[in-house]
Amino acid sequence: MTGPPPTPPASGRGEEASLADRLARAITLAGPIPIAQFMAAANAHYYATRDPLGQHGDFTTSPEISQMFGELIGLWAADLWDRAGRPDAAWVELGPGRGTLTADALRAAAKAGFVPPVHFVETSPVLRAAQAERVPGATWHDDVTTLPEDCPLIVVANEFFDALPVRQLVRYGGGWAERYVACQDTLFLPIAGKGLPAEIIPAGLRDAPAGSILETSPASVAIFRALARRVAHQGGAMLTVDYGYEGPAIGDTLQAVRGHAFANPFDQPGENDLTAHVDFATLAAAASLEDVRLSPVVGQGAFLRALGIDARAAALARAAPERDIAADRDRLTVAMGDLFKVLAVSAPTWPEPAGFGPAGFAA
């Protein structure tokens, strides 16, 4: 969800054929392209031309499941800001969807006195319009380079890094090669491309069985480290929530979702949401090159429970007994509780963020 998207065309179906045709022509003329390039082109079009969220979209994120998710993150930020001495900090969300998380978070944070200026990193004109309705007065950025430099930043990235392009390296013919996308007419399919030196593969994985796939995301690492550097120099913290693992590890996690069902990632480019699991260990290693404090990686369920989701669910259930609040809580903490991971990066001069130990908010 980063970088300037292509200019949207007049109609969705026409653009679908146009995007597939453009990619097919490019591959026919210049040869197969890396998986990362294919994913970047497909997602740039996908997010530029639709609101993919909700029942009538392709997927649902935690903030859309329940207000509890955004509220607790807002209270997490307000608590950290309060213990840091209440500085003039800015709120930043990366890939903010419809703006639901920020709207819920800042509504809760305002009760603690935290009313920061809002900055969104978002390139989709469709989603920017939805965000403007929920969070009036926000400032938008095409990428992280234009974020404020004169104040601490509290950055939230929920299901942002999973949509950034990944390189896939495949064990092939006794060595390793980068995985590319070839095309026959408008049928796209993955192939083994250029060979790679074994030295770039982690030592423990170099002798993996034939067909094994190792994923890397240079774009994610670059953005994560750049924001860690900002936090180190300016103060503040960054909270990342996404589905992922602590790698490096072997596995093909590239997937496509359309209409709340899995689809072929290479079918109808630009019409499916393409994602890959986030390697939290690699992100943490990149951030550790800067002068920041790293939290342990914890599951979303443990994080939300430490912040008090059970008490919040009970209060909402009393106020709205007709709603199945318990089911929403369980979806966030059980169904998504282990698959989704949480990592915080904070300035060494700031207090430790809540939610990463047995205790919740500071007394």
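Is D79 buried or exposed? The exercises below work through this and related points on a predicted model.

**Exercise 1.** Classify D79, then describe its salt bridge and the helix that carries it.

Solution.
- Step 1. The relative accessible area of D79 is 12%. Buried means under 20%, so D79 is buried.
- Step 2. D79 forms a salt bridge with R83, and the closest N and O atoms are 2.9 Å apart.
- Step 3. Both residues belong to helix α4 (residues 67-83), where four residues, about one turn of the helix, separate them.
- Step 4. R83 has 30% relative accessibility and counts as partly exposed. The pair thus joins a buried D79 to a partly exposed R83.

**Exercise 2.** Find which elements are tied together by the salt bridge of E178 and R167, and state how accessible each residue is.

Solution.
- Step 1. The side chains of E178 and R167 meet in a salt bridge, at 2.9 Å from N to O.
- Step 2. E178 is in strand β7 (residues 175-184) and R167 is in strand β6 (residues 167-172), so the salt bridge ties together parts 11 residues apart in sequence.
- Step 3. With a relative accessible area of 9%, E178 is buried, whereas R167, at 25%, is partly exposed.
- Step 4. Another group of residues is linked through shared partners: salt bridges join E71, D104, R107 and R312 into one network.

**Exercise 3.** Give the number of salt bridges in the whole structure, then locate the one between R98 and D51.

Solution.
- Step 1. A search of the whole structure finds 16 salt bridges.
- Step 2. In one of them, the side chains of R98 and D51 meet at 2.8 Å, N to O.
- Step 3. This pair links distant parts of the chain, 47 residues apart: R98 is in the loop between β2 (90-94) and α5 (100-110), and D51 is in the loop between α2 (35-48) and α3 (62-65).
- Step 4. R98 counts as buried at 18% relative accessibility, while D51 counts as partly exposed at 29%.

**Exercise 4.** Describe the surroundings of S220, beginning with its secondary structure.

Solution.
- Step 1. Helix α7 (residues 218-234) contains S220.
- Step 2. The relative accessibility of S220 is 5%, so S220 counts as buried.
- Step 3. Its side chain makes a polar contact with the side chain of S217, at 2.7 Å.
- Step 4. Leaving out residues up to four places away in sequence, S220 touches F161, L164 and L283.

Technical notes. Residues numbered from 1 in each chain as written. Predicted model: local features only at pLDDT ≥ 70, side-chain atom pairs only at ≥ 80, totals over all residues. Heavy atoms only, no water. Salt bridge = Lys/Arg side-chain N within 4 Å of Asp/Glu carboxyl O. Helix = DSSP H or I, 4+ residues; strand = E, 2+ residues; numbered from the N terminus. Buried < 20%, exposed > 50% of the residue type's maximum accessible area, 1.4 Å probe, protein only. Polar contact = N/O pair within 3.5 Å; in protein donor to acceptor, adjacent residues only side chain to side chain. Contact = heavy atoms within 4.5 Å.
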